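Reader: Hi! I've got this structure open and I'm not sure where to start. Could you walk me through it?
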Protein chains: 2
Amino acid sequence: MVKIAVDMMGGDDAPGIVLEAVKKAVDDFKDLEIILFGDQEQYTLNHGRIDFRHCTEKIEMEDEPVRAIKRKKDSSMVKMAEAVKSGEADGCVSAGNTGALMSAGLFIVGRIKGVSRPALVVTLPTIDGKGFVFLDVGANADAKPEHLLQYAQLGNIYAQKIRGIKQPSVSLLNIGTEAAKGNTLTKKTYELMEAQNDFNFTGNVEAKTLMDGNVDVVVTDGFTGNMVLKNLEGTAKSIGKMLKETLLSSFKNKIAALVLKKDLNQFSQKMDYSEYGGSVLLGLDGTVVKAHGSSNAKAFYSAIRQAKIAGEQQIVQTMRETVGGTNG
Amino acid sequence: MVKIAVDMMGGDDAPGIVLEAVKKAVDDFKDLEIILFGDQEQYTLNHGRIDFRHCTEKIEMEDEPVRAIKRKKDSSMVKMAEAVKSGEADGCVSAGNTGALMSAGLFIVGRIKGVSRPALVVTLPTIDGKGFVFLDVGANADAKPEHLLQYAQLGNIYAQKIRGIKQPSVSLLNIGTEAAKGNTLTKKTYELMEAQNDFNFTGNVEAKTLMDGNVDVVVTDGFTGNMVLKNLEGTAKSIGKMLKETLLSSFKNKIAALVLKKDLNQFSQKMDYSEYGGSVLLGLDGTVVKAHGSSNAKAFYSAIRQAKIAGEQQIVQTMRETVGGTNG
């Protein structure tokens with residue numbers, strides 16, 4: 001049995017989509033228990049494996065993260081994080097305020113001993129549908145070479161445990177493939193990665209080939225990672241918008257669009273990274289999954305499944321033994 | 001009359017596309033003279049406003065940049081840069097080895113007094129077809145806040161002179177729109193930009209809204225700029241590839257694709273930034289335009305036109321008086 005704590009109040013369409021996702025998750029997985037934190041007035045489910053806990057407060061999207069976590073002691077997000085800290089839950093999921101969730105992770109759940117900085121990880125789509133693990137996408141805007149080395153160790157374990165890749169290839173995101181390319185940070189990081197034996201370092205990878213599907217884990221600093229993530233989203237959205245305009249620009253185009261509709265939908269689904277679940281704050285002493293703020297029920301369900309797999313695979317224990325052990 | 005020096009030997013499809021582009025440029029612009037540097041065996045044009053100069057050497061794509069510039073004294077690229085340095089030509093264009101061209105710019109043409117580092121600038125497409133000026137896309141991988149401030153001054157002049165925007169909005173590329181967002185570099189740069197009166201600073205811009213067309217000039221360090229540029233290229237290419245596969249995946253799709261063909265071509269043309277010309281190394285004491293290595297004749301022609309406009313608009317003189325004057 002795996003027990004996951006869920007924040008019912010976070011996200012643009014909460015609690016509706018959260019309840020729908022939780023319902024589907026407990027129906028699909030007979031070995032899953034949910035501790036659900038939220039407002040009892042809005043709680044509409046009733047299920048033997050859902051343990052509902054009423055909370056009087058809620059962290060808003062515009063709340064200042066650290067202050068919110070420190071002051072709103074009876075919020076669904078704080079209570080959820082405490083359930084992980086106490087060991088009552090194996091992991092937790094929220095679609096709420098990202099900064100607040102990161103603070104809850106850092107200050108309530110806490111870091112694994114020996115991990116200097118947790119990193120935010122996502123799985124991004126590739127042309128071949130395989131996807132790749134990408135970190136840090138924004139936990140720390142500034143990073144040193146030693147941090148990137150540790151991100152690589154965390155990402156390596158994540159790819160093994162969550163994505164089931166036996167010996168993942170780990171690459172460094174850079175502006176050229178040669179070892180001497182890049183800025184001071186990537187050049188020094190390259191040297192560190194080349195010198196270690198903890199993971200299979202396969203050199204630099206460029207942003208233009210990220211979607212080709214040749215890499216399992218890609219490591220970068222939080223500033224660059226967040227930049228690339230938003231750029232991917234933005235470019236895909238802009239191209240989608242222009243394509244839609246083209247398809248609706250004349251009667252004959254509309255007819256052609258109708259013919260293509262099903263295949264184009266499949267195509268845009270392939271680009272949709274909510275399919276892979278949420279982002280995870282790696283390096284914490286418990287699994288903390290952040291579902292996208294605009295998650296629908298399907299995306300939130302994927303995030304719950306992801307937390308469940310992390311619990312089953314004992315990913316935190318593995319990180320504690322390997323990364324924590326070598327650095328602490 | 002504007003005089004542009006052209007490297008006939010650089011680029012994947014040189015000299016064929018260079019000769020075609022030069023021919024069209026001298027035909028279209030009666031006030032344009034070209035000094036063309038290359039191998040006389042391959043020179044096939046004959047025109048009153050083309051001054052051909054034979055060179056015995058050629059810089060290859062795989063040549064080490066600085067060494068190539070220092071050793072291949074009779075190469076078309078070195079000779080072209082010397083023509084700018086001596087004042088014989090108003091500017092120059094090459095589709096050859098980017099690093100070598102940057103070295104030729106730095107060591108032969110030289111910097112404007114007071115400019116600490118030149119920056120590579122491109123114009124990128126937006127949904128509304130307007131485009132925006134983006135720098136630095138890779139001249140310097142590491143940058144300090146003062147460098148970014150100077151890039152902004154250079155980009156501001158470029159947008160005014162080359163793109164004809166009277167008072168360009170200048171934004172800082174960042175991972176959030178608020179002033180306090182970002183890494184150490186962007187936070188300090190934000191303060192510097194906010195404190196100056198040389199250009200119209202409009203705050204931070206995120207990578208996901210770059211293509212929306214709300215900004216005229218976007219400033220970043222060479223590492224991030226190169227990353228975003230390659231990411232844009234890569235994402236657009238990957239989506240294009242997947243779309244093409246969808247369109248060719250069945251007989252009915254092929255028919256629909258035929259109906260859409262013209263409009264889809266227009267759409268991909270909108271995304272094609274070679275339309276806006278090449279990239280320019282700003283901050284040098286002469287105009288140096290880098291056409292894409294895989295340029296076709298049309299893209300190379302755009303790069304020549306761009307160098308011509310820069311000459312007419314006396315962009316280097318303006319930079320010398322403003323940026324050079326305030327910092328030198």
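Author: Happy to! Let's begin with a term: a salt bridge here is a side-chain nitrogen of Lys or Arg within 4 Å of a carboxyl oxygen of Asp or Glu. Please also keep in mind that this is a predicted model.

Reader: Okay, so how many salt bridges are there between domain 1 of chain A and domain 2 of chain A?
Author: The count there is zero salt bridges. Polar contacts do turn up, with two residue pairs between domain 1 of chain A and domain 2 of chain A.

Reader: Wait, where are those two domains of chain A?
Author: Domain 1 of chain A is given as 1–115 + 283–327, and domain 2 as 125–274. The contact between them takes 19 residues from domain 1 and 13 residues from domain 2 of chain A. Their centres, taken over C-alpha atoms, are 25 Å apart.

Reader: And what area is buried between the two domains of chain A?
Author: About 1300 Å² is buried between domain 1 and domain 2 of chain A, and carbon and sulfur atoms give 63% of that. On the domain 1 side, the residues that lose the most area to domain 2 of chain A are A:Ile315, A:Met319 and A:Val323, which together make up 28% of what that side buries.

Reader: Which elements of domain 1 of chain A give two or more residues to the side that touches domain 2?
Author: Those are α9 (297–312) and α10 (315–327) of chain A. The largest share comes from α10(A), with seven residues.

Reader: What sits in the loop between α9 and α10 of chain A?
Author: A:Gln314 is found there. A:Gln314 has a positive phi of about 50°, although it is not a glycine.

Reader: Cool. Switching topic: how do people give the size of an interface?
Author: It is often given as the accessible area lost when the parts come together.

Reader: Then what's that area for chain B and chain A?
Author: About 4500 Å² is buried between chain B and chain A, with carbon and sulfur atoms giving 71%. B:Ile175, B:Phe223 and B:Met242 supply 15% of the area that chain B buries against chain A, more than any other three residues. The contact takes 44 residues from chain B and 44 residues from chain A.

Reader: How many salt bridges cross the interface of chain B and chain A?
Author: Four salt bridges are found across it. A:Asp263 and B:Lys252 meet through their side chains in a salt bridge, at 3.9 Å from N to O. The interface of chain B and chain A also has twelve residue pairs in polar contact.

Reader: Which element of chain B gives the most to the side that touches chain A?
Author: That's α7(B), with 18 residues. The elements of chain B that each supply at least two residues to this side are β7 (169–174), α6 (184–195), α7 (222–247) and α8 (251–270).

Reader: Back to chain A's backbone. Which residues does a cis peptide bond join?
Author: One joins A:Ala14 and A:Pro15, with omega about -5°. A:Pro15 lies in the loop between β1 (2–7) and α1 (16–28) of chain A. The peptide bond from A:Leu135 to A:Asp136 is also cis, with omega near -5°. You'll find A:Asp136 in the loop between β6 (132–135) and α5 (145–161) of chain A.

Reader: Last one: which residues make the nonpolar surface patch on chain B?
Author: B:Val66, B:Leu106 and B:Phe107 make a patch of about 250 Å². To find B:Phe107, look in helix α4 (residues 98–109) of chain B.

Key: Residues are numbered from 1 along each chain as its sequence is written. Chains are lettered from A and ligands numbered from 1 in the order in which they are written. This is a predicted model: local features need pLDDT of at least 70, side-chain atom pairs count only at pLDDT 80 or more; totals for chains, interfaces and linings use all residues. Side-chain values use heavy atoms; hydrogens and water are left out. Patches are made of residues with over 30% relative accessible area and no salt bridge: like charges are joined within 9 Å, nonpolar side chains (Val, Leu, Ile, Met, Phe, Trp, Tyr) within 5 Å. Accessible areas come from the Shrake-Rupley method with a 1.4 Å probe; for residues, only the protein chains shown count as cover. Helices (H or I, at least four residues) and strands (E, at least two) are DSSP runs, numbered from the N terminus. Domain bounds come from an automatic or database domain assignment. Contact means heavy atoms within 4.5 Å. Buried area is the accessible area (1.4 Å probe) that two parts lose on being put together, summed over both. A polar contact is a pair of N or O atoms within 3.5 Å; within protein, one must be able to donate a hydrogen and the other to accept it, and residues adjacent in sequence count only if both atoms are side-chain atoms.
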